[in-house]
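The following account leads the reader through a structural model, from the overall form of one chain to individual side chains. Please keep the sequence and the coordinates in view while reading.

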Amino acid sequence: MIERRPWLNVLSHFVLCAGVLVTALPIWITFVASTHPADSLMSGRAPLWPGAHLFENYATVLDSGLRAAGSVPVGMMMWNSLIMALMIAVGKIVISIIAAFGIVYFRFPLRRTCFWLIFVTLMLPVEVRILPTFGVVASLEMLNSYWGLSVPLIASATATFLFRQFFLTVPEELAEAARIDGAGPLKFLFDILLPLSRTNIAALFVILFIFGWNQYLWPLLVTTDESFYTIVVGIQRMLAVDDAEPAWHLIMATTMLAMLPPVLVVICMQRLFIKGLIEQEK
Amino acid sequence: MEKRVVFSGRWVPVLLLAPQVTITLVFFIWPASQALYQSVLLEDAFGLSRKFVWLDNFRILFADPLYLDSFGRTAFFSSVTAALSLGLALVLAVMADRVIKGTALYRTFLIWPYAVAPAVAGVLWFFMFNPSIGTLTYLLRFLGYQWNHYLNGTDAMALIILAASWKQVSYNFLFFLAGLQAIPRSLVEAAAIDGAGPFKRFRTIIFPLLSPTTFFLLVVNIVYAFFDTFGIVHAITSGGPAQATTILVYKVYSDGFIGLDLGGSAAQSVILMAVVIALTVFQFRYIERKVAY
C-alpha cells in the first residue's frame, strides 16, 4: 500500500470476491445436487439451494455405491485411494531420502551415472510411456494390486533433488562431529539428518499425498477388478453408463467425497502445502 | 557443490541407491526404450508377427491428417489454457498483494482447487454445462445460446479449456503472489514518489521484475495442459465429438489401448517424450538467465 486510492481498494476487493465466487461456484452446485433426490435432477435445471436428502444420498454411496453402474461402495474406493496415496507418498519420500543421502554423503564409482539416471525420470511422465509401462507391470503380474498401483509412480527425481539440495545446505561440521564421535552413516542419517529435514518431509508429504490421491490414467489402466478401483476413476465409471441419464445425485455425492480429503489437507496444512509446492518447483 | 566430509563404505551407498535405481530402470528406462523400439516396428494387435519398418510409423503419423489436426488442437488448447489461467491468476495475485486486510483469507479460498483431481474438475464443469439440466446451460439458453458439447466440437473444446484453467489458476496464483511479495517495496515506493501511478508502476517495474516467475509458470502450464489434462478429456468428452477434443496425450491412449495400433502409439509416445525433453531443457537453459531485466 503506497498511496491512498479508495476506489482501487474497492476494485481489488471486488475482483478478489468475484474470483472466490467463480472458484467456489462449481463446488456449490455440486454440493447442492448431492443433497437432492434423483427425480429433481432428471429434467429442467439443477436446483440452486440444498435439498433434504443429504444424509440419505451420502449414506447410499458410501455403503452400496451405484448398483446400476455395476460399481462398488464408495467407501471401498476411498479406502483404495487412501492406500494408494499413502503408499506413493511414503514410498517416494523413503526411497528419495536414502538415494539423496547416498549421493551426497558417499563417493563411489558410477555416482554421476546414478545421478543422471535418476535425473532423466524428471522428463518422462507416465502419460508418455503408458503402453510399455503397462506391459512391464503386466508381465510382473502386478495388475490389480496395490503394488501395481503405486510402485511405478514411486520413483521421482523431484523428491530426490529436493532432499539433495537440502542435504547440501546442512553444515559440514555436523557430519564431521558425528564422525569424530564415532557415529556410522546410518546413525548420522537417523539421529541428525532426519530430524533436521522434518519440515521438508512434512511439506513434501502434503504435495505427494495430493498427487497420489488424484492419479487418474494409471489406476484406470492397472485396475480392471472393481475391488481395486480408486475413487477418481470410479466417478468416471459411474458417468459412463450406457443408454441412461447418469444418477446425478449419487455421482455428485461421490464427487464431493473424492474432493474432500485432498482439499482438507490443503486447507488445514496450508503453510506446509505452500512451502512444499514452491520448494518442489525450484 | 560437493561435501568435503563423506562417509566411507563400499556397499552402503549401493544399498542406499538400489531401490530408486531399480525402480527407475524397471519402470522408466526400460519402458521408454521399449517405446523407442516399438516405434520402428509394425506389429499386429495380437503380437503374433512383427516387422522392422524403420521410420514408417512416423511417416504414417505425419501424413495422417487426424494426427496433424490433433497437434494443432493441442497447441490451441494448451496456449489458450495457459493464457487464461496465467492472466486470471496474475490479476488476482496483484489484487491480493494490494489489499491490506484479508490476503491470507483470500488465498485460502483461492488455492484449494489445486487439490481437485483434473478428472474431478472435469466432472464439476460437465455437470454445470450438462445440456439437459446444467445450471449454466440454462443461463446460456436464457441468453439465446444453445449449448451442447455432445454435438458441438467448439462447445466441447470450450468446456475442457474452462475446466483445465479453473484448476490451474490456484497454482499460478500462489506463485505469482510469492513473486510479488518478493519484490522490494522500496523500488515501488521510489516510483510512486516520482509520480508513477499504479498502472505505470505495474507496467514498468512490477511486471518486468515478475518475468522469471511468469516464464517458469508458462513452461509449467504448457506441460500441464499437454499431459495432466488427460483426466479431464477422458472423463467428460472422451476426445469427442468427432475428435474435436482429442489432444495428443489422449490420442496416445486411445490409439494404443482402444485402437491397439502398437507401433503408431509408440511413435506418438516418442514424439511426446521429445516434446517434454525439449521443454525441460528449454526451461533449464533459460530459467537461470533471469529473463528480461
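The accessible surface of chain B amounts to about 13,100 Å², and 69% of that surface belongs to carbon and sulfur atoms. The model is a predicted one, and every value given here should be read in that light. The C-alpha trace of chain B spans about 75 × 75 × 30 Å along its principal axes. Its secondary structure consists of 13 helices and 2 strands. Of the 293 residues in chain B, 56% count as buried. When contacts in chain B between residues at least 6 apart in sequence are considered, 67% of them join residues at least 24 apart. As for charge, chain B carries 20 positive and 14 negative charges, and the mean positions of the two sets are 12 Å apart.

The charged side chains also lead to the salt bridges. How many salt bridges does the structure hold over all chains? There are 3 over all chains, and each can be examined in turn.

In chain A, the side chains of A:Asp191 and A:Lys187 form a salt bridge with an N to O distance of 2.8 Å. Both residues belong to helix 9 of chain A, which covers residues 185-196, and they are 4 residues apart, about one turn of the helix. A:Asp191 has a relative accessibility of 44% and therefore counts as partly exposed.

A pairing within a helix is also found in chain B, where B:Asp255 forms a salt bridge with B:Lys251 and the closest N and O atoms are 3.4 Å apart. These two residues are separated by about one helical turn because they lie 4 residues apart in helix 12 (residues 248-258) of chain B. As to solvent exposure, both B:Asp255 and B:Lys251 are buried.

The remaining salt bridge to be described joins the side chains of B:Asp97 and B:Arg185, at 3.4 Å from N to O. B:Asp97 lies in helix 3 (residues 65-98) of chain B and B:Arg185 in helix 8 (residues 185-193) of chain B, so the pair ties together parts that are 88 residues apart in sequence. Is each partner buried or partly exposed? B:Asp97 has a relative accessible area of 19% and is buried, since the cut-off for a buried residue is under 20%. B:Arg185, with a relative accessible area of 36%, is partly exposed.

Attention may now pass to nonpolar side chains. B:Phe52, B:Trp54 and B:Leu55 make a nonpolar surface patch of about 380 Å². Within this group, B:Phe52 is located in strand 2 (residues 50-52) of chain B. The relative accessible area of B:Phe52 is 46%, so this residue is classed as partly exposed.

Another phenylalanine, B:Phe129, occupies the loop between helix 5 (118-128) and helix 6 (135-142) of chain B. Although placed in a loop, B:Phe129 is buried, with a relative accessible area of 6%. Which residues does B:Phe129 contact, leaving aside its neighbours within four places in sequence? They are B:Gly134, B:Leu136, B:Thr137, B:Leu140, B:Trp147, B:His149, B:Leu159 and B:Leu162. By way of scale, the C-alpha atoms of B:Phe129 and B:Val14 are separated by 55 Å, the two residues being 115 residues apart along the chain.

Definitions and conventions: Residues numbered from 1 in each chain as written. Chains lettered and ligands numbered in written order. Predicted model: local features only at pLDDT ≥ 70, side-chain atom pairs only at ≥ 80, totals over all residues. Heavy atoms only, no water. Buried < 20%, exposed > 50% of the residue type's maximum accessible area, 1.4 Å probe, protein only. Contact = heavy atoms within 4.5 Å. Areas by Shrake-Rupley, 256 points an atom, 1.4 Å probe, with all protein chains shown as cover. Lys, Arg positive; Asp, Glu negative; His and termini not counted. Charge placed at Lys NZ, Arg CZ, Asp CG, Glu CD. Salt bridge = Lys/Arg side-chain N within 4 Å of Asp/Glu carboxyl O. Patch = residues over 30% accessible without salt bridge, like charges linked within 9 Å, V, L, I, M, F, W, Y side chains within 5 Å.
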